[in-house]
Amino acid sequence: MRLLVLGGTEFAGRAVVEAALGRGWEVTVLNRGRQVPVPGARSLTGDRTAPGGLAALADGDWDAVVDTWSAAPRAVHETARLLRGRARRYVYVSSCSVYAWAPPAGYGEDAPLVQGAAPDAEQSEYVKDKRGGELAVVDAFGADASVLVRAGLILGPYENVGRLPWWLTRIARGGPVLAPGPHDLPLQYVDVRDLAEWILGAVEQELSGPYNLMSPQGHATMGELLEACARATGSDAELRWTAPETVLGAGIEPWTELPVWVPPGTDMHDALHAADVSRAVAAGLSCRPVAETVADTWSWLTSIGGVAPQRPDRTRKGLDPELEAKVLAAAATGSADAEGVPDTTP
């Protein structure tokens with residue numbers, strides 16, 4: 001297989017490149033040349049936001065293109081139109097955020113989509129940009145040669161968004177840790193390497209259309225995630241499970257200040273952690289255990305000095321230590337282990 005990856009040096013794109021090379025595929029990447037390319041891939045330089053930025057793609061044919069772009073849909077539209085007729089399939093890594101808010105628990109790929117997006121639009125807001133990217137691909141390649149990967153939460157090595165790296169760093173620091181409950185809160189996410197393998201499988205199977213791409217419901221819980229962090233880091237951290245009402249009452253923002261976590265019984269939880277992924281599973285999605293994702297991410301993080309890269313277009317994640325200490329102290333005073341979960345410190 002001949003694969004073109006647009007980007008290919010950071011998180012999701014890098015995982016796709018590494019997986020394809022591992023299968024013996026011929027891989028070409030196009031990016032701005034600001035990151036070290038994955039060894040073994042042919043590297044082209046170009047800036048999709050600049051006039052003439054696609055000149056390096058003037059020639060060449062590929063079996064498939066993988067695109068992770070998340071800014072102006074116009075960039076996807078221009079690239080897809082340029083490659084039409086020179087690539088057999090276009091895979092666009094989109095987002096479950098393209099569904100109209102708020103999709104109900106168990107929503108599938110036929111759920112209503114956000115309105116107001118356009119394939120040739122300039123950058124506006126994330127949800128419309130991703131939906132516009134989808135429209136751009138289908139407009140250029142047609143529905144039968146387009147794969148729309150509606151990913152949810154993506155975790156794993158090389159993460160540059162700051163979710164799992166923050167939890168690992170915080171738990172490695174030790175001491176009492178505000179663990180947002182409930183302990184058995186179900187999570188949906190996908191290891192970036194499982195995402196990559198599914199994408200390559202989709203190319204091999206010549207799939208088309210949209211797919212919700214995250215782990216099946218019940219694959220992991222908040223408790224399993226944080227306990228895996230404690231084991232991986234070898235920390236003496238004490239996970240203090242705290243009721244959602246206490247967390248929210250302190251003004252703590254779900255998802256950002258406490259990454260991954262959103263309170264149960266809310267629209268946000270249903271949208272982020274309760275999608276129907278049966279279509280992707282039927283097409284070959286396989287998800288590794290949460291302990292493996294956590295351990296491998298910690299191994300990578302320590303190998304680069306413990307500080308994860310941060311995408312400039314994403315907000316920083318994590319809870320202020322002073323606020324955490326204040327909430328924990330108040331909870332202790334009020335006999336706060338409202339979740340009734342036993343101490344799971346390793």
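Modeller: Accessible areas here come from the Shrake-Rupley method with a 1.4 Å probe; for residues, only the protein chains shown count as cover. The model is predicted: local features need pLDDT of at least 70, side-chain atom pairs count only at pLDDT 80 or more, and totals for chains, interfaces and linings use all residues. Residues are numbered from 1 along each chain as its sequence is written, and side-chain values use heavy atoms, leaving out hydrogens and water.

Colleague: What share of the exposed area do carbon and sulfur atoms supply?

Modeller: The protein exposes about 14,100 Å². Carbon and sulfur atoms supply 50%.

Colleague: What is the radius of gyration of the protein?

Modeller: The value is taken over C-alpha atoms, and the globule rule is 2.2 Å times the number of residues to the power 0.38. For 346 residues, a compact globule would have a value near 20 Å. The model agrees with that, because its radius of gyration is 21 Å.

Colleague: Which helix gives the most residues to the largest nonpolar core?

Modeller: Such a core is a set of buried (under 20% relative accessible area, 1.4 Å probe, protein chains only) Ala, Val, Leu, Ile, Met, Phe, Trp, Tyr and Cys residues joined through side-chain atoms within 4.5 Å. The largest has 39 residues; Trp167, Ile171 and Met222 are among those that touch the most other members. Elements that each supply at least two residues include helix 4 (164-173) and helix 10 (290-303), DSSP runs (H or I) of at least four residues, and strand 13 (238-242), a run (E) of at least two. With six residues, the most is given by helix 6.

Colleague: How many residues does the other core have?

Modeller: That core lies apart from the largest one. Ala15, Val147, Ala151 and Leu195 are among its members. Its residue count is 37.

Colleague: How far apart in space are serine 235 and isoleucine 171?

Modeller: Serine 235 sits in the loop between helix 6 and strand 13. Its relative accessible area is 8%, which means that serine 235 is buried. In sequence, serine 235 and isoleucine 171 are 64 residues apart; C-alpha to C-alpha, the distance is 6.6 Å.

Colleague: What is omega for the peptide bond from glycine 181 to proline 182?

Modeller: Proline 182 lies in the loop between strand 8 and strand 9 (186-187). Its bond from glycine 181 is cis, with omega near 0°.

Colleague: Is valine 260 buried or exposed?

Modeller: Valine 260 follows strand 15 (258-259), in the loop that leads to helix 8 (267-273). Its phi is positive, about 80°, although valine 260 is not a glycine. Because its relative accessible area is 1%, valine 260 is buried.

How values were computed: Buried < 20%, exposed > 50% of the residue type's maximum accessible area, 1.4 Å probe, protein only.
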